[in-house]
Amino acid sequence: KIEEDKAIYRGTGLGLSISRSLSNLLNGRIWVESELGIGSSFYFEIPGEIRIIQNWQMPAKAEKVSNINLIGKMVLMVEPERTSYMLLHSFLISTKVGLVWAQNGKTALDFLKKQHFDFLILDLRLPDYSGQTMLAEIRKISPFVPVIAQTSYASPDEKKNLTTLGFSSLLIKPYNKDELLKAISQLF
């Protein structure tokens, strides 16, 4: 039973999924050992050898977008997870963009009916709407507002279909600040 006066926070569920993907990429493995009432331990192995590299240089970073002007622009972020919202807020605070957060589709649609937004960042897995249904509802209210989709789970086919459905671009979680700013800069 959930008590109303207690806030409940949960993770985004990306930790083990990302760890498993990284282990697989490195030809390693990850596993868990768990004992009821005692706890769980997570382990990983990555095969390799230790090499000393001389004259090593830092690899070139991805293209940075630093001179994007978002002053006076408003963005609606439709994201059920507080931690994801806080991360996005930290990415965008220096741009001086106005940021409004909706934790579900219904709240987002209510905001859209009352206020103008220059673009939206929409999580595709909301508690009350699928990404495709949510986009259709958004288009009824604001037919031309750019919508950046974001998700943790996107197959190559889904990525291809999103642009044909009318999304401006797609961000795969976890994404970094430069990826976000690049997606936004392509809107304007």
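At the heart of this predicted model, the largest nonpolar core has 20 residues, and Leu76, Leu120, Leu122, Ile138, Val147 and Phe167 have the most contacts inside it. Strand 3 (74-78), strand 4 (98-102), helix 3 (105-114), strand 5 (119-123), helix 4 (131-141) and strand 6 (147-151) each give two or more residues to this core. There's another core apart from it, with 18 residues, including Leu88, Val97, Ile121 and Ile148. As a general backdrop, nonpolar side chains tend to be buried together in soluble globular proteins.

**The overall picture**
- The protein has six helices and seven strands.
- Starting at the N terminus, you'll meet the elements as α-β-β-β-α-β-α-β-α-β-α-β-α.
- Of the 188 residues in the protein, 30% are buried.
- Take the contacts between residues at least 6 apart in sequence: 58% of them join residues at least 24 apart.

**A closer look at Leu120**
- Leu120 is one of the residues with the most contacts inside the largest core.
- Setting aside neighbours within four places in sequence, Leu120 touches Val75, Leu76, Leu112, Ile138, Val145, Pro146, Val147 and Ile148.

**The sheet**
- Five strands make up an open sheet with parallel pairing, and their order is 4-3-5-6-7.
- Strand 4 and strand 7 are at the edges with a single partner strand each, so each has one side without a neighbour in the sheet.
- On average, neighbouring strands of this sheet are turned by 20° against each other, ignoring direction.
- Strand 5 and strand 6 run parallel and are joined by four bridges. Ile121 stands opposite Ile148 of strand 6, and both Ile121 and Ile148 belong to the core of 18 residues.
- Helix 6 packs on the sheet, where it touches strand 5, strand 6 and strand 7. The direction of helix 6 makes about 175° with that of strand 7.

**Strand 4 at the edge**
- Strand 3 and strand 4 also run parallel, with five bridges joining them. Met77 has Trp101 in strand 4 as its bridge partner.
- Side chains in a regular strand alternate between the two faces of the sheet. In strand 4, Gly98, Val100 and Ala102 make up a covered face, while Leu99 and Trp101 are on an uncovered one.

**Aromatic rings**
- The count of aromatic pairs comes to three. One of them is Trp31 with Tyr43, a stacked pair with 5.6 Å centre to centre and 20° between the planes.
- Trp31 sits in strand 1 (residues 29-35) and Tyr43 in strand 2 (residues 39-45), so this pair ties together parts 12 residues apart in sequence.
- Trp31 is partly exposed at 24% relative accessible area, and Tyr43 is partly exposed too, at 34%.
- Phe91 and Tyr175 form a tilted pair, because their planes are at 50°; their ring centres are 6.5 Å apart.
- That pair links distant parts of the chain, 84 residues apart: Phe91 is in helix 2 (residues 82-92), and Tyr175 is in the loop between strand 7 (169-172) and helix 6 (177-185).
- Phe91 and Tyr175 are both buried, whereas Trp31 is partly exposed.
- Trp31 has a charged companion as well: the charged end of Arg29 sits over its ring, 3.7 Å from the ring centre.

Technical notes:
Residues numbered from 1 in each chain as written. Predicted model: local features only at pLDDT ≥ 70, side-chain atom pairs only at ≥ 80, totals over all residues. Heavy atoms only, no water. Phe/Tyr/Trp six-rings, centres within 6.5 Å; stacked < 30°, edge-to-face > 60°. Buried < 20%, exposed > 50% of the residue type's maximum accessible area, 1.4 Å probe, protein only. Lys NZ or Arg CZ within 6 Å of the ring centre and 35° of its normal. Core = buried A, V, L, I, M, F, W, Y, C linked by side-chain atoms within 4.5 Å. Contact = heavy atoms within 4.5 Å. Pairing = 2+ DSSP bridges. Axes fitted to C-alpha atoms, helices over the stretch in contact; angles between N-to-C directions.
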